[in-house]
Amino acid sequence: MTRTKGSLAWKIFVGVLAVILILILVAEFGLRAYVSNRIESEFAAAAPVPTTADPQVAFGSQPLTLGLLAGTVPHMALSVPSTLVLDGDSFTGQPAATINVDKVRRSDGGFVADTLDVTTELPDAFIQAILQQQVSTALSQVDGLPAAIVEDVVNISGVTSNPETGTVTIQFNNGLAGIDLRPQRDGDSLTFTADSTSLFGIDLPGGVAQRLSEALRVGMQDAVFGPMRVRDVTVIDGGLLVSLNGHDVNLNQISEAL
């Protein structure tokens with residue numbers, strides 16, 4: 001059988017397409033590996049102490065190479081281990097989180113994501129540290145009593161989450177007394193409502209429970225949520241499980257805020 005010029009051209013065309021496809025696949029694999037390694041190295045460098053686990057990175061089914069040619073990262077999912085280091089009422093790092101980002105693009109103000117979803121677990125000790133950072137200011141605003149007296153009486157010694165009741169117990173004076181705060185989503189924010197307002201069987205003076213609730217809300221917003229919206233909160237063993245969401249989120253602003 002005589003091979004025609006047309007069939008030869010077709011074979012060459014198919015062969016070139018096969019080579020291009022292989023090159024794209026190699027480039028895609030290499031790019032994903034490079035970005036993953038870069039995230040792991042940046043994470044290790046930023047962690048306040050050496051970590052025993054690396055972040056896990058996935059890019060979904062959409063090609064990363066084609067997305068970058070269009071100026072976006074189509075999708076990225078990260079599972080980030082905890083880098084929290086607690087020292088009394090101070091802390092560095094962030095709790096473990098699962099992060100899903102869609103369509104990240106560069107703008108004049110930095111990198112912007114069309115959507116950003118975060119699920120994070122906040123340990124009891126972290127909640128206690130956040131509250132301790134805020135408590136002096138909160139109790140200084142209690143009506144009718146000098147702040148020094150209130151701080152002596154209301155000495156925070158622990159935080160315990162109670163999944164069965166959906167509350168967080170703030171313990172005072174080495175567990176001799178406590179109040180229960182119920183975390184709730186209020187619109188796009190997280191609030192805490194005092195279920196009990198007594199200490200040693202006596203009503204707390206001057207709205208102490210309300211001040212502690214507000215202090216914890218503000219502290220959570222500053223240390224964890226930033227400009228993100230709260231979508232869900234669940235009391236679990238050992239802490240709170242919180243889901244956050246944002247649209248057209250400036251990732252640089254979140255990084256600076258937290």
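This passage describes the nonpolar core and the salt bridges of a predicted model.

We can begin with the interior. The largest nonpolar core comprises 50 residues, and those with the most contacts inside it are I170, M220 and L240. Helix α5, spanning residues 208–225, supplies the largest share of this core, with eight residues. The core also draws on both domains: at least three of its residues come from domain 1 (5–119 + 248–257), and at least three from domain 2 (124–228 + 230–236).

L240 offers a good place to look at the packing in detail. With neighbours within four places in sequence set aside, L240 is in contact with T120, E121 and L122, and also with I127, S161, V168, P183, F192, M220, T234 and V235. One of these partners, M220, is itself listed with L240 among the residues with the most contacts inside the core.

Turning to charged pairs, the model contains five salt bridges. One of them joins the side chains of R105 and D248, with an N to O distance of 3.5 Å. This pair links distant parts of the chain, since R105 lies in strand β5 (residues 97–107) and D248 in strand β14 (residues 239–250), 143 residues apart. The two partners can be told apart by their accessibility: R105 is partly exposed, at a relative accessible area of 29%, whereas D248 counts as exposed, at 53%.

A second bridge is formed by D188 and R231, whose closest N and O atoms are 2.9 Å apart. Here too, distant parts of the chain are linked: D188 sits in the loop between β9 (177–186) and β10 (189–194), while R231 belongs to strand β13 (residues 229–236), 43 residues apart. D188 is partly exposed, with a relative accessible area of 36%, and R231 is likewise partly exposed, at 33%.

Helix α5 brings us to a local pair. R217 forms a salt bridge with E214, and the closest N and O atoms are 2.7 Å apart. Because R217 and E214 are three residues apart in helix α5, about one helical turn separates them. R217 is partly exposed, with a relative accessible area of 23%, and E214 is also partly exposed, at 39%. Beyond individual pairs, salt bridges with shared partners join R105, D114 and D248 into one network.

Terms used:
Residues are numbered from 1 along each chain as its sequence is written. This is a predicted model: local features need pLDDT of at least 70, side-chain atom pairs count only at pLDDT 80 or more; totals for chains, interfaces and linings use all residues. Side-chain values use heavy atoms; hydrogens and water are left out. A nonpolar core is a set of buried Ala, Val, Leu, Ile, Met, Phe, Trp, Tyr and Cys residues joined through side-chain atoms within 4.5 Å. Buried means under 20% relative accessible area, exposed over 50%, partly exposed in between (1.4 Å probe, protein chains only). Helices (H or I, at least four residues) and strands (E, at least two) are DSSP runs, numbered from the N terminus. Domain bounds come from an automatic or database domain assignment. Contact means heavy atoms within 4.5 Å. A salt bridge is a side-chain nitrogen of Lys or Arg within 4 Å of a carboxyl oxygen of Asp or Glu.
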